[in-house]
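Hi everyone, thanks for coming along. Please get the viewer open on your laptops, and then we can walk through this one together.

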Amino acid sequence: MSWQQIHGHDAVLQRFTAAMESGRLAHAYLFVGPTGIGKMRFAVELAKSLLCEAPLTSFNACDTCAACRLVDAGTHPDLVVTGKSADVLEFSIDQMRELIHELALKPARGRKRIAIVDDADEFNEKSASCFLKTLEEPPPGSLLILIGTAAAIQLPTIRSRCQVIPFNALPDAVVEERLRATGIDDPAQLKSLVRIASGSPGHALAMADATLWPARRQFLDAIADAKPDGPSLAKAWMENIEAAGKESARQRGRAAQLVRFALDVLRLALDAALGRPLPMDNPAETTLLQRVANKLGPDGLVDRIDRMLEAETHIDRRVQLTLLVEAAADAMTLDGPPALRTISFVGV
């Protein structure tokens with residue numbers, strides 16, 4: 001019933017079903033995988049199955065009892081769902097102390113209290129240290145679910161006290177289905193969003209904002225130009241990033257979107273350079289992509305894709321955005337074979 005809403009994570013569901021049937025549910029889990037693929041949705045459905053008050057014949061919530069309705073409404077007293085605010089970069093120690101206090105309370109309706117902690121990647125040193133004691137000595141009947149992107153990001157002391165559950169990017173068909181469910185049905189738009197999403201419906205939905213797409217064409221025009229202008233591209237990118245808001249978290253989110261656009265353009269140009277067919281819904285864009293392919297060749301395009309992937313990593317590492325954007329724009333627009341290029345993101 002409730003698990004019918006979860007798509008593309010059958011292996012993870014089978015793992016938890018087996019753990020429940022054998023009575024070997026752990027006290028703490030770390031869900032890791034790309035953002036926007038449904039880790040939080042899975043965690044909430046798991047909590048609902050555990051808090052359901054109807055007699056269960058299988059690991060499946062009834063969706064109709066009072067407890068299930070409270071979970072769906074986000075008001076179940078024994079379920080704590082928390083994460084950092086959208087306008088900040090770190091999960092603060094004050095938030096952590098509040099979480100620990102709530103988790104320590106006795107269950108109000110049943111025998112279990114569950115905490116789902118989003119943005120576990122963003123624990124700072126103080127909040128992580130504060131949380132460690134709770135992981136070492138969890139309150140009786142409690143279940144902790146941390147959600148992040150990679151186990152390696154977590155402190156070894158936290159990682160070693162959780163069962164790590166990897167989630168994979170979703171198949172394109174699942175991403176398309178999720179997009180159609182939101183009312184997006186234009187074939188060309190669907191194809192573009194699914195391609196850019198890289199298996200993440202969350203990324204696809206975020207990129208569906210029509211006001212973002214001029215930045216993609218702007219990047220394509222810049223690298224297709226006979227004399228590409230790195231400073232102008234960097235300036236345009238920074239204006240776009242600053243338009244997202246004053247908060248650093250929002251600006252980094254916008255920077256990540258621009259990187260996804262750049263990667264999409266570069267990968268399509270690489271397809272053209274390798275003789276693969278390009279989308280034909282926009283002839284003008286296809287012409288520009290072919291021009292970039294002829295100009296840079298496979299090696300030059302692979303090099304630039306690598307540079308943009310480095311930039312994406314540095315966004316997450318909170319490198320100063322202005323310097324990062326300037327370096328990225330220069331790396332995209334300098335002429336010459338990759339071996340002669342000296343610009344690097346190291347130390348930016």
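Let's begin with strand β1, residues 28–32: 5 of its 5 residues are buried, so the strand is largely enclosed by the rest of the structure. Buried here means under 20% relative accessible area, while exposed means over 50% and partly exposed is in between, using a 1.4 Å probe and protein chains only. Strands are DSSP runs of E with at least two residues, helices are runs of H or I with at least four, and both are numbered from the N terminus.

Before going on, please keep in mind that this is a predicted model: local features need pLDDT of at least 70, side-chain atom pairs count only at pLDDT 80 or more, and totals for chains, interfaces and linings use all residues. Residues are numbered from 1 along each chain as its sequence is written, and side-chain values use heavy atoms, with hydrogens and water left out.

Back to β1. Which residues cover its two faces? On one side you find A28, L30 and V32, on the other Y29 and F31, and all of them are buried. In a regular strand the side chains alternate between the two faces of the sheet.

Now look at the neighbours of β1. It is joined to β4 by 5 bridges, and the two run parallel; A28, for example, has L144 as its bridge partner in β4. With β5 there are 4 bridges, again parallel, and there L30 has V164 as its partner. Two strands count as paired if DSSP finds at least two bridges between them.

Let's zoom out to the sheet. It is open, has 5 strands in the order β2-β3-β4-β1-β5, and its pairing is parallel. The edge strands, each pairing on one side only, are β2 (79–82) and β5 (163–166). From one strand to the next the twist averages 15°, where axes are lines fitted to C-alpha atoms, for helices over the stretch in contact, and angles run from 0 to 180 degrees between N-to-C directions.

Please find β3, residues 113–117, next. It runs parallel to β4, residues 142–148, and 5 bridges join the two. A115 has L144 as its bridge partner in β4.

Follow the chain on from β3 and you enter the loop that leads to α5 (125–136), where D121 lies. How far from D121 is the nearest side chain of opposite charge? That side chain is K39, 7.5 Å away, and D121 is buried yet has no salt bridge. By charge I mean that Lys and Arg count as positive and Asp and Glu as negative, with His and the chain ends not counted. A salt bridge is a side-chain nitrogen of Lys or Arg within 4 Å of a carboxyl oxygen of Asp or Glu.

What D121 does have is polar contacts through its side chain: one of 2.5 Å to the side chain of T149, and one of 3.1 Å to that of Q154. A polar contact is a pair of N or O atoms within 3.5 Å; within protein, one must be able to donate a hydrogen and the other to accept it, and residues adjacent in sequence count only if both atoms are side-chain atoms. Leaving aside residues up to four places away in sequence, D121 touches I147, G148, T149, A150, I153 and Q154, with contact meaning heavy atoms within 4.5 Å.

On to salt bridges elsewhere. Side chains of opposite charge can pair when their charged atoms come close. The whole structure has 16 salt bridges. One of them joins R161 and E136, with the closest N and O atoms 3.1 Å apart. This pair links distant parts of the chain: R161 is in the loop between α6 (156–159) and β5, E136 is in helix α5, and 25 residues separate them. R161 counts as partly exposed because its relative accessibility is 29%, and E136 does so at 41%.

Compare R180 and E176, whose closest N and O atoms are 3.0 Å apart in their salt bridge. Both lie in helix α7, residues 172–181, 4 residues apart, which is about one turn of the helix.

R276 and D271 also meet in a salt bridge, at 2.9 Å from N to O. Salt bridges that share partners join E45, K48, D63 and D72 into one network.

Last, the whole chain. It has 14 helices and 5 strands, and of its 348 residues 47% count as buried.
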